[in-house]
Amino acid sequence: VFLSLVFINFSFGYNIIKEMAMFKVTRVETTPFEGQKPGTSGLRKKVKVFIQPHYLQNFVQATFNALGVDRVKGATLVVSGDGRYYSKDAIQIITKMAAANGVRRVWIGQNGLLSTPAVSAVVRERVGADGSKATGAFILTASHNPGGPHEDFGIKYNMENGGPAPEGITNKIYENTTTIKEYVIAEGLPDVDISTTGVSSFDGPEGKFDVDVFDSTSDYLKLMKSIFDFPSIQELLSSPKFSFCYDALHGVAGVHAKRIFVEELGANESSLVNCVPKEDFGGGHPDPNLTYAKELVARMGLSKTHSEPNPPEFGAAADGDGDRNMVLGKRFFVTPSDSVAIIAANAVQAIPYFSGGLKGVARSMPTSAALDVVAKHLNLKFFEVPTGWKFFGNLMDAGMCSICGEESFGTGSDHIREKDGIWAVLAWLSILAYKNKDNLGGGNLVTVEDIVRQHWATYGRHYYTRYDYENVDAGGAKELMAHLVKLQSSIDEVNKIIKGIRSDVSNVVHADEFEYKDPVDGSVSKHQGIRYLFEDGSRLVFRLSGTGSEGATIRLYIEQYEKDSSKIGKDSQDSLAPLVEVALKLSKMQEYTGRSAPTVIT
Ligand code: G6P
Ligand code: ZN
């Protein structure tokens, strides 16, 4: 409307399109929506909820108000995500609201695509053409939840350190959503073309506003190159002995995978599966586990119904927003709990970024104790935190932790403040390259399976499995948890019940609800999952998921430690069967949920 001048400026061969349009600020009256409380990783709801008039706008304004004028006026905000359905509309809305709220610059990855770890990297590392640095980010994703018009959308805010907003801020956001009366939005600001890189500049009542659309992978790639020895990974990937496969499940990691694995490291294009991002993830569930990453699982020779004559030596998958990872060897599954332990055990030798030593390591409570054993052997600082990456972020900001991981297919390090799926793959490739540095010319390849078995032989093996009961009745799930808490008041009673179920499991010696006092800020997090700890080191953990969008999801984590190297080669479901039976009967799972089997077993 107030378009005063449009010109195109060719400098350094880079196309900077400056649209000097004027915009005004419009105030829009609104009323609160119920249930805009951000969960573990932001606000996640069905698309049909998000597309209600004012729904997204209320949440975004509530966020700006929670951040306060000082953090908003003049800010430089990254706005991007995993490309799921409704992202493109959301980017335009947020950009216009940012302009109206006095934000100075919005940075958008090309086509609105940036993995969650890439957003974190961009916030921490990218320098704009005018020398600017980002002050925060809106990440548009519902992570591993399905996408599409009938599925999930999500939004979360990350701070200047590149990590998720702390609870102090998310609580304020929620409070604001319950009282919101108006939001502001720019009128006369045209929709931004997010498919072409370049900076567009606009004039508002408070001065200039720039929209910078930039290449999605350059900054992230630069960071990865500063961490890993790319030439040695390249040598591994080009060896005829080695073969590689990466499945992005149609999520955003595909964009980064193509650039890093194929264009930079020379992997064959055919090693990429589902690496073109889709708004609905091809109708699939973009969660990298043995159930949902079906194609990869089949290619790697792990499918029960399909036999694969010659699977690749290494395979990996990512979730929708690219922060999760699953690592597989030829016909071999690496549990996420083992993965982080193995990365920690080899990092100093295999990854240049860690050559000076590790500051410490950490895992979430339900993650197996494989990492604990490594920490003990290597005399490293060790932390057990509640589920949720933000707890690691605090330790990292304080310089107390270098590598961390979770059973939920999350692994990462202090290079950013999110977990990082591609980083984990590069870490494994580095370890493989290191172990094979003298083998690529002659001799047998040291495989993923060899590395894991060697690790078990040295440190013992933590048999581990997780049972998920998705979308069960929320009332029933609560009752189940209450039942388990009540049982904890008498360990003798618990042991009597257990002996009645199976006589071949050891005694429970301790049971509690996990509670965590953050060593950095002293904050206390209660009710972080119910634990039953057994005399022989086995554990049963029960938790309610914090990331679902409908009903409740109960997670049951089962773990058993085996030090005896003659007993480390068993099938994990077989060796855990007695504990599984105890867990299901003790918790009265079927009674409370009406389910005779879990939705997913990992
Ligand atoms: C997200 C968080 C992780 C966390 C996971 C737990 O992915 O980033 O840190 O482990 O959610 O999900 P849950 O559904 O078990 O609460
Ligand atoms: Zn994710």
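**Strand pairing and helix packing in a predicted model**

In this predicted model, strand 12 (residues 244-247) and strand 14 (residues 314-318) are joined by 4 bridges and run in the parallel sense.

**Exercise 1.** Determine in what order the strands of the open sheet that holds strand 12 and strand 14 follow one another, and which strands form its edges.

*Solution.* Begin with the pair above, in which cysteine 245 has glycine 315 of strand 14 as its bridge partner. Extending outwards, one finds 5 strands in the order 13-12-14-15-16, with mixed pairing. The edges are then strand 13 (272-273) and strand 16 (332-334), each of which pairs on one side only. Finally, helix 14 (residues 421-435) packs on this sheet, where it touches strand 12, strand 14 and strand 15 (325-329), and its direction makes about 25 degrees with that of strand 15.

**Exercise 2.** Describe how helix 11 (residues 336-350) and helix 15 (residues 448-459) cross, and which residues meet.

*Solution.* The two axes come within 11 Å and cross at roughly 85 degrees; because angles of 65 to 115 degrees count as roughly perpendicular, helix 11 is roughly perpendicular to helix 15. At the contact, Asp338, Ile342 and Ala345 of helix 11 meet Ile451, Val452 and His455 of helix 15, a set comprising 4 nonpolar, 1 polar and 1 charged residues.

**Exercise 3.** Establish whether the residues of strand 8 (residues 152-158) are buried or exposed, and identify its pairing with strand 4 and strand 7.

*Solution.* In strand 8, 7 of the 7 residues are buried, so the strand is largely enclosed by the rest of the structure. Asp152, Gly154, Lys156 and Asn158 point one way, whereas Phe153, Ile155 and Tyr157 point the other way. Strand 4 (residues 43-46) pairs with strand 8 in the antiparallel sense over 4 bridges, with leucine 43 bridged to isoleucine 155. Strand 7 (residues 136-140) also pairs with strand 8 in the antiparallel sense over 4 bridges, and here isoleucine 139 stands opposite lysine 156.

Definitions and conventions
Residues are numbered from 1 along each chain as its sequence is written. Chains are lettered from A and ligands numbered from 1 in the order in which they are written. This is a predicted model: local features need pLDDT of at least 70, side-chain atom pairs count only at pLDDT 80 or more; totals for chains, interfaces and linings use all residues. Two strands pair if DSSP finds at least two bridges between them. Helices (H or I, at least four residues) and strands (E, at least two) are DSSP runs, numbered from the N terminus. Two residues are in contact if their C-beta atoms, placed from the backbone, lie within 7 Å. Axes are lines fitted to C-alpha atoms, for helices over the stretch in contact, and angles run from 0 to 180 degrees between N-to-C directions. Angles under 35 degrees count as roughly parallel, over 145 as roughly antiparallel, 65 to 115 as roughly perpendicular and the rest as oblique. Ala, Val, Leu, Ile, Met, Phe, Trp, Tyr, Cys and Pro count as nonpolar, Asp, Glu, Lys and Arg as charged, and the others, Gly among them, as polar. A residue is buried if 20 or more other C-beta atoms lie within 10 Å of its own, exposed if 12 or fewer, and partly exposed in between; C-beta atoms are placed from the backbone.
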